[in-house]
Amino acid sequence: MRTFSKYLMLFMALPLFCLASCSDDETPVGNTDNGGEVTPPTPTPDPEPTPDPAPQYEGFEGYMFVLDQSQIPNLGGYEPDRSAPQAKLMYISPEGQVTLDAFAGQDAALGFDCRFDKVGGHFVIFAKKETLADDQPIGKATVIEGKSLKIESQHSYSFDKTMEPDFIVAVSKDMALVGFEGRDILSLDLKSGKSQQIATFDYNRNISGMGYEGKLFLFNGNTISILSGKDGKKESAVTVEKSIRRVYSLRSDLLLIRTNEGVGYIFSMKENAVKGEVMMDETLSWDGAALDEETNMLYVAGTSSRRDKVYTLTVNDKTAEPKLFYTIPASDINKSKQVTGAIRMGINPDTRDLYIGHVADLVIVGGPGARRSSRAGYISRILLTKHDSSEALLDPDEKVRIEDMFLFSPMIFLGK
């Protein structure tokens, strides 16, 4: 009995011994530099979340911008109107409110026969003619800050009289590229105003160009060439089966390519690949185009004999026939039932509103070769969420009339 009590007392003492030994060997938790006292460790602060970058076009999310490209000399056989107003920039809110002058209070002489691009939080407007004088082959570039719509810079560029700019694209907020007669490509420094030739290509006269993320896309024959926007060097190429006739912008990275064989390609500049096809009746002139990505429905405007119609086609449905969707009212066009210039269309991807812009002659005076004496532009707004894409509409949901319009540019939408 004594032996058992002795071993029991020894067994009970072991945990206390081990606890004391382990405490002596372990490193104390905390800081012991302060007189041997143990202080709790300093907690590691949680990293602050990285704020999302401010939108490049803050305050204009969901808006649509469109430019009146102004006078185009000798359009439709008429003489240029020397009193024509210069180009002007307009925008429409997601609710449909129209602002006709984006540069109210600013001295914004933009020039004539303009091109319009969105790039890097800026808008770039390039006029092929700074004035309408025939003996002054001078272009003009205007750079606009996208949040405030303040004009940051304007520069004039002199060109050879014998060379007409075929395409003008912005590849960055500081640089634009101009292609002349499908041959020479010049880079324009939008900060300093300097220009230099960066490439020469053996292409056909009617080559077209588009810009995306610092690259230049050239369309010629059945080849899409991708060039560096910095030095004009060819990086890659994509070949399509049919010969390219015309290119339309559907959004910043998506194009519609019309071919001579009645096939339309939906082409992604982001992926350098064809994403879909549509079959077109050759009688459709394709003055303008818009894509509703939610329904995969393509809207195309104009026919070879009438430029007052809008038709629908389903992408990748090669058996689908074009369906009449919208007819421009006769009150919006002249007596010959002809719309002046191209019909422009675009779909707001956030609200699915279809905008149709066209210009109509109101009065034509004089005999053959007489100039137009009065023009008006119209922007119609059709709410696709309220209408089936197969029904023909007689009236839009909303319409605005714009005095002294000449030609709409392709529409640019700023996503939310």
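## A buried loop residue

At 4% relative accessibility, L149 counts as buried, where buried means under 20% relative accessible area, exposed over 50% and partly exposed in between (1.4 Å probe, protein chains only). The residue sits in the loop between strand 8 (138-145) and strand 9 (151-158). Helices (H or I, at least four residues) and strands (E, at least two) are DSSP runs, numbered from the N terminus. L149 is not a glycine, yet its phi is positive, near 60°.

This is a predicted model, in which local features need pLDDT of at least 70 and side-chain atom pairs count only at pLDDT 80 or more, while totals for chains, interfaces and linings use all residues. Residues are numbered from 1 along each chain as its sequence is written, and side-chain values use heavy atoms, with hydrogens and water left out.

## The sheet of strands 6 to 9

Strands 8 and 9, which flank the loop of L149, belong to an open sheet of four strands in the order 6-7-8-9, with antiparallel pairing. Two strands pair if DSSP finds at least two bridges between them. Strand 6 (112-119) and strand 9 are the edge strands; each has a single partner strand, so one side of each has no neighbour in the sheet. On average, neighbouring strands of this sheet are turned by 15° against each other, direction ignored. For such angles, axes are lines fitted to C-alpha atoms, for helices over the stretch in contact, and angles run from 0 to 180 degrees between N-to-C directions.

Within the sheet, strand 7 (residues 122-129) pairs with strand 8 in the antiparallel sense over six bridges. I125 stands opposite T142 in strand 8.

## The nonpolar cores

L149 also appears in the largest nonpolar core, which has 20 residues; F65, L67, F116, F123 and L149 touch the most other members. A nonpolar core is a set of buried Ala, Val, Leu, Ile, Met, Phe, Trp, Tyr and Cys residues joined through side-chain atoms within 4.5 Å. At least two residues of this core come from each of strand 3 (64-68), strand 4 (88-92), strand 6 and strand 7. Strand 7 gives the most, with three residues.

F116 can be followed through its contacts, meaning heavy atoms within 4.5 Å. Leaving aside neighbours within four places in sequence, F116 is in contact with F65, V66, L67, L89, F123, V124, I125, S409, P410 and I412. Another core of 17 residues lies apart from the largest one, and its members include M297, V310, I343 and L384.

## The sheet of strands 10 to 13

A second open sheet of four strands has the order 10-11-12-13, again with antiparallel pairing. Its edges are strand 10 (165-172) and strand 13 (195-200), each with a single partner strand, so one side of each is left without a neighbour in the sheet. Neighbouring strands here are turned by 25° against each other on average, direction ignored.

Strand 10 and strand 11 (residues 175-180) run antiparallel and are joined by six bridges. In this pair, I168 stands opposite V178 in strand 11.

## Strand 19 and its two hairpins

Strand 19 (residues 254-259) is largely enclosed by the rest of the structure, because six of its six residues are buried. In a regular strand the side chains alternate between the two faces of the sheet. In strand 19, L254, L256 and R258 point one way and L255, I257 and T259 the other way, and all are buried.

On one side of the sequence, strand 18 (residues 244-251) runs antiparallel to strand 19 and is joined to it by six bridges. V247 has I257 of strand 19 as its bridge partner, and the hairpin between the two strands passes through two residues. Strand 19 also runs antiparallel to strand 20 (residues 263-268), with five bridges between them. Here the bridge partner of L255 is F267. This hairpin has three residues between its strands, and G262 in the turn has a positive phi of about 80°.

## Two partly exposed residues

E277 lies in strand 21 (residues 273-279) and is partly exposed, with a relative accessible area of 23%. The C-alpha atoms of E277 and G264 are separated by 5.5 Å, although the two residues are 13 residues apart along the chain. Leaving aside neighbours within four places in sequence, E277 is in contact with V263, G264, Y265, V315, N316, D317 and K318.

N296 is in the loop between strand 22 (284-292) and strand 23 (297-303). Its relative accessible area is 32%, so N296 is partly exposed. Although N296 is not a glycine, it has a positive phi of about 60°.
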